[in-house]
Amino acid sequence: MSDSRAMTLTAADRIEIHEVLARYAWSLDTGDEDGFISCFTPDAELAWEAFQEPGTWRGHEALRRFIAWFRAQPQSAGRQHHVSNIIVEPVPQGARARSYVLVALAVGDGPHRLHVMGYYEDELVRDGGT
């Protein structure tokens with residue numbers, strides 16, 4: 001159901017949102033700390049409900065600690081996040097995106113295996129024109 005107070009999203013806005021979700025996954029998997037941080041506003045909150053270490057990280061410094069922790073996990077090497085079925089909806093403060101995520105892990109010299117199936121729920125706002 002649409003909210004009459006919601007902002008209008010252009011096709012360019014929707015593409016930019018897809019790009020943010022892709023940059024998030026790539027930077028997380030490759031350890032690109034600055035790329036990861038650039039996906040979030042300075043006051044952002046990341047709620048991690050995964051089985052390893054649930055928690056909430058608020059602000060850029062906390063997000064830097066999160067990515068350091070994430071990259072230190074033993075299964076970090078060869079991890080690939082695949083984000084799909086992205087639904088973007090306008091809301092009064094910006095946009096909301098919901099998407100599925102599959103995480104594949106490299107296992108020795110063998111094929112990748114499915115490690116996690118889940119979903120993202122993101123709230124997005126404009127910050128400095130992006």
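Let me begin with a single residue, S27, which is found in helix α1, and I should say at once that the model we are looking at is a predicted one. S27 has a relative accessible area of 3%, and because the cut-off for calling a residue buried is under 20%, S27 counts as buried. If we set aside residues up to four places away in sequence, S27 touches D32, G35, F36 and I67.

Now to the helix around that serine. Helix α1 has 20 residues, and from its first C-alpha to its last it reaches 28 Å, which is close to the 28 Å expected at 1.5 Å a residue. S27 has company in being buried, since the buried residues of α1 also include D13, I17, V20, L21, Y24, A25, L28 and D29. In an α-helix there are 3.6 residues a turn, so residues three or four places apart point the same way. What, then, covers the buried residues of α1? The cover includes the helices α2, at 33–37, and α3, at 59–71, together with the strands β1, β3, β4 and β5. After α1 comes G31, and the phi of this glycine is positive, near 75°.

Turning to the sheet, helix α1, residues 11–30, lies across β3, β4 and β5, and its direction makes an angle of about 150° with β3. These three strands form an open sheet in the order β3-β4-β5, with antiparallel pairing. Which strands are at the edges? They are β3, residues 80–91, and β5, residues 112–124, each of which pairs on one side only. From one strand to the next, the twist averages 10°. Between β4, which covers residues 94–106, and β5 there are 12 bridges, with the two strands running antiparallel, and as one point of reference V101 has G118 in β5 as its bridge partner.

Finally, there is strand β1, residues 45–48, which I mentioned as part of the cover over α1. As general background, the side chains in a regular strand alternate between the two faces of the sheet. In β1 the side chains do alternate, with L46 and W48 pointing to one face and buried, whereas E45 and A47 point to the other face and are not buried. Strand β1 is joined by four bridges to β2, residues 55–58, and these two strands run antiparallel; within that pairing, A47 has T56 of β2 as its bridge partner.

Note on methods
Residues are numbered from 1 along each chain as its sequence is written. This is a predicted model: local features need pLDDT of at least 70, side-chain atom pairs count only at pLDDT 80 or more; totals for chains, interfaces and linings use all residues. Side-chain values use heavy atoms; hydrogens and water are left out. Two strands pair if DSSP finds at least two bridges between them. Axes are lines fitted to C-alpha atoms, for helices over the stretch in contact, and angles run from 0 to 180 degrees between N-to-C directions. Contact means heavy atoms within 4.5 Å. Buried means under 20% relative accessible area, exposed over 50%, partly exposed in between (1.4 Å probe, protein chains only). The expected span of a helix is 1.5 Å times one less than its number of residues.
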